[in-house]
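Subject: Two-chain model, handover and findings

Dear colleague,

Here is the model we spoke about, with the sequence alongside. My notes on what turned up follow below.

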Amino acid sequence: MSEAAPSAAETTPSGAMIRALGIAATICGLIIVSAYEGSLDAVARNKKIATERAVFSVIPGATSVREFVATSAGIVPAGPTLPEGGVKFFGAYDRAGTLKGIAAEAVAKGYADEVRVLYAYDPEKQVIIGLGVVSLHETPGIGDKVRTDRDFLKNFVALDAHLTADMKAVANAIKVVKHGTKQHGWEIDAISGSTVTSKAVGKGIRDSTAALLPKLLPFVGKLKEGK
Amino acid sequence: MNLLPGTNPPSNWAEFLEGLWQRNPVFVMVLGMCPTMAITTSAINAISMGLATTFVLAASCWMISLLRHVIPKEVRIATYIVIIATFVTVVDYGIQVISLSLYEALGAYIKLIVANCLVLGRAEAHAARNPPFASVVNATGMGLGFTLGLFMIGGVRELIGMGSLFGISLFGPHYQPWVVMILPPGGFFVMGLWLMVFALVRARRDHGLAAQTQGA
């Protein structure tokens, strides 16, 4: 026994289905593109403000921020595309145009997600002088202590990041040690109970300084001139 | 809307109130549990997510209702998802314009509104069968009911888990926060407590009605 074929009245023509999908896709496409175009400037402005606030929080006294890229050939202003092997960083200046410090982002995998921090670097003393959190989704009350734990933040008052004499590498790679066992200036004393997040912060800074500082420090004079 | 013969359709106000309370998406229909558990770590996150969902609900139901005579049933789900995803994208850009820190706090859950069963459920059950105004009213009621539900959970979790409400400290520096309330289990605890409170209220009300009937 064969099933009765559906009558022509019950079936929707293929053209009607394609037309409906086409109408919906066209209208939705217009809405999405309009929303994107309409919000582009405001989002870019918000991102710039957020970056400036983050840099000002780790470099007190700065009033303006410029974004640069350090390459093995020198320092260039950041553009829409990142040159091959280039590392982005921020130069922070005061009202007189004097370089107040350098800030760079560091990223590493934490317990729950990526931990993204911004550290301030003093090129004169070759030390890290501040730490701010850009993005953190660690366990509340445990991993998120890296934002507020005073003892942990003291690690970043003058964390040693000297380069070797030939300026090709960081002399002593920054590392995180167990709470209460810090002995050297390049060590970070972990927060007891938040070791994974502490290590993520340390690894992010170690990787970032290793990539950035050998390219930055030989040309840092150009930044001081505000060029 | 399919109605029995001789019955009148509910007024717009009744439809609005129904979503807000009688058929509350969080506490009665238990829909959209993913953002309910994940985002309600603070009152402001809860309200922001609720309002974002309300916008997506109202806008997508309006558009689906407008196109309901054009969309054949065979391709309706694909069309609804495209429309819902469009308004989620609009909300995504909108929140980036309003506040990047809020955008950071809500994270991937803004995009996941696309998969919120409350939104697709309203499109299928109501907007596809009703005129635009009634659909928007119904969707807005449901969305605000969802917002209310998220706030009731998020407010309690922030209050106990951080000792604050809307970021304002209420219990002073010596308060020891119950961190578990901010963690995922806290969402289930508070949800369970609210459901228990509503069940108790309902039981007392039913008991009172039964006593009145017997007395009469």
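**Chain A: helices on the sheet**

In chain A, helix α1 (residues 14-58) lies across strands β1, β3, β4 (99-109), β5 (114-122) and β6 (127-135), and runs at about 145° to β6(A). Helix α3 of chain A (residues 195-216) also packs on the sheet, where it touches β1, β2, β3, β4, β5 and β6 of chain A. The direction of α3(A) makes about 130° with that of β4(A). Please keep in mind that this is a predicted model.

**The sheet itself**

The sheet of chain A is open and has seven strands, in the order β2-β1-β3-β4-β5-β6-β7, with antiparallel pairing. Its edges are β2 (74-77) and β7 (159-160) of chain A, each of which pairs on one side only. As general background, strands of a sheet pair through backbone hydrogen bonds, either parallel or antiparallel.

Strand β3(A) is a useful place to look in detail. How many of the residues of β3(A) are buried? Six of its seven are, so to speak of the strand as mostly covered is fair. On one side, β3 (residues 87-93) pairs with β1 (residues 64-71) of chain A in the antiparallel sense, over seven bridges. Two of the facing positions are easy to find: A:Val65 stands opposite A:Ala92 in β3(A), and A:Phe68 stands opposite A:Phe89 in β3(A).

β3(A) also runs antiparallel to β4(A), and four bridges join the two. One pair here is A:Tyr93 with its bridge partner A:Leu99 in β4(A). β3(A) and β4(A) form a hairpin with five residues between them. In the turn of that hairpin, A:Gly97 has a positive phi of about 85°.

**Chain A as a whole**

Chain A contains four helices and nine strands. From the N terminus on, its elements run α-β-β-β-β-β-β-α-β-β-β-α-α. The C-alpha trace of chain A spans about 85 × 45 × 30 Å along its principal axes. Its radius of gyration is 25 Å, whereas a compact globule of 227 residues would have one near 17 Å. Of those 227 residues, 30% count as buried. Among the contacts in chain A with a separation of 6 or more, 56% are between residues 24 or more positions apart.

**Where the chains touch**

Chain A and chain B each put 23 residues into the contact. Which element gives the most to the side of chain A that touches chain B? It is α1(A), with 18 residues. By residue type, the side of chain A that touches chain B divides into 16 nonpolar, six polar and one charged. So α1 of chain A both lies across strands of the sheet and gives the most to the side that touches chain B.

**Chain B**

Chain B has eight helices and two strands, and along the sequence it follows the pattern α-α-α-α-α-α-α-β-β-α. Its C-alpha trace spans about 60 × 60 × 25 Å along the principal axes. Of the 216 residues of chain B, 41% count as buried. Residues 24 or more positions apart make up 77% of the chain B contacts with a separation of 6 or more.

Two places in chain B are worth opening in the viewer. The first is helix α6 (residues 117-125) of chain B, whose buried residues are B:Leu118, B:Val119, B:Arg122 and B:Ala123. These residues are on the same side of α6(B), because they cover an arc of only 135° around the axis. In general, an α-helix has 3.6 residues a turn, so residues three or four places apart point the same way. The buried residues of α6(B) pack against α3 (43-66), α4 (76-98) and α7 (132-162) of chain B.

The second is B:Met162, found in helix α7 of chain B. Why does B:Met162 count as buried? It has 22 C-beta neighbours inside 10 Å, and the cut-off for buried is 20 or more. Leaving aside neighbours within four places in sequence, B:Met162 is in contact with B:Pro177 and B:Ile182. B:Thr147 is 15 residues from B:Met162 along the chain, and their C-alpha atoms are separated by 21 Å.

Regards

Technical notes
Residues numbered from 1 in each chain as written. Chains lettered and ligands numbered in written order. Predicted model: local features only at pLDDT ≥ 70, side-chain atom pairs only at ≥ 80, totals over all residues. Pairing = 2+ DSSP bridges. Contact = placed C-beta atoms within 7 Å. Axes fitted to C-alpha atoms, helices over the stretch in contact; angles between N-to-C directions. Nonpolar A, V, L, I, M, F, W, Y, C, P; charged D, E, K, R; others polar. Rg over C-alpha atoms; globule rule 2.2 N^0.38 Å. Buried ≥ 20, exposed ≤ 12 C-beta atoms within 10 Å, placed from the backbone. Arc of directions from axis to C-beta.
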